[in-house]
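Please work through the exercises below with the sequence and the structure at hand. Each task is followed by a solution in steps.

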Amino acid sequence: MAPKARVPVRPAPGIEFGYVNTVKAIYPGSFDPVTNGHLDLITRGSKIFDHLVVGILQNSAKNPLFTVAERVEMLTEALAGFKNVSVASFEGLLVDFAHEQSAQAIMRGIRAISDYEYELQMALMNRRLRPDLETIFLMPDGKYSFVSSRLVKEVFTLGGSIEGLVPQFVIDRLKARMPNGHH
Ligand code: PNS
């Protein structure tokens, strides 16, 4: 392949010449457990952002099925192939975590219009807390528009198939967690 031509670039006003602007984004959530919808979004985000940090919320008030350590493990396994995606957990305000991480953006997924109201509320509250942090919404593939961690857990607990909705190792962990279930 011929080498790429070096094109002189005139920087945008306010941007110093010779510097490249990189964007780091946080993708926050409960991920209890990670679904193929989350992974679809992470794949999309990893192509747009220079670095994406999956931020797992440590929140016992939500009564999670998996511990934070288990969720970190599952996401780390699922994301092993991504060079620019890392996994971390956080407690407290998301905007503070984003600041600690020197991130410029928050990425969130919107599946349907029903997600929008809650997401808009959070985005505007986060903007009020930190005006320079942008929330960016991406849409997952339509085939995941009905998939949520909550429904995955409910369907699995009641004996329904969740094949294709979560990675196989999540199914294995759910089976190990609920050996007396319908499976
Ligand atoms: O996967 P979820 O449960 O929809 O994710 C919700 C999450 C983690 C994005 C939200 O609960 C959050 O940001 N929590 C951290 C505490 C915080 O900053 N709250 C104010 C949000 S406006």
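The exercises treat the sheet, the helices packed on it and the largest pocket of this predicted model.

**Exercise 1.** Determine the order in which the strands of the open sheet are arranged, and state which strands form its edges.

*Solution.* Step 1: the open sheet is built from five strands, in the order β3-β2-β1-β4-β5, and their pairing is parallel. Step 2: β3 (85-90) and β5 (134-138) each pair on one side only, and these are the edge strands. Step 3: with direction ignored, neighbouring strands of the sheet are turned by 30 degrees against each other on average. Step 4: one pairing may be followed in detail, namely that of β2 (residues 51-57) with β3, which is parallel and spans six bridges. Within this pairing, L52 has V85 of β3 as its bridge partner.

**Exercise 2.** Describe how α1 and α4 are placed with respect to the strands.

*Solution.* Step 1: α1 lies across β1, β2, β3, β4 and β5, and runs at about 145 degrees to β4. Step 2: α4 packs on the sheet and touches β4 and β5. The direction of α4 makes about 170 degrees with that of β4.

**Exercise 3.** Characterise the largest pocket by its volume and its lining.

*Solution.* Step 1: the largest pocket holds about 1100 Å³ of space. Step 2: its lining consists of 42 residues, and G29, S30, K62, R108 and Y118 lie nearest the centre. Step 3: two or more lining residues come from each of β1 (24-29), α1 (36-48), β4 (105-109), α4 (113-129) and α5 (149-157). Step 4: α4 provides the largest share, nine residues. Step 5: by type, the lining comprises 19 nonpolar, 14 polar and nine charged residues.

Terms used. Residues numbered from 1 in each chain as written. Predicted model: local features only at pLDDT ≥ 70, side-chain atom pairs only at ≥ 80, totals over all residues. Heavy atoms only, no water. 1 Å grid on protein atoms, 1.4 Å probe; cavity = no way out; pocket = protein on both sides within 12 Å on 5 of 7 lines; lining within 4 Å. Points joined across faces, edges and corners; volume = space filled by probe spheres on them. Helix = DSSP H or I, 4+ residues; strand = E, 2+ residues; numbered from the N terminus. Nonpolar A, V, L, I, M, F, W, Y, C, P; charged D, E, K, R; others polar. Pairing = 2+ DSSP bridges. Axes fitted to C-alpha atoms, helices over the stretch in contact; angles between N-to-C directions. Contact = heavy atoms within 4.5 Å.
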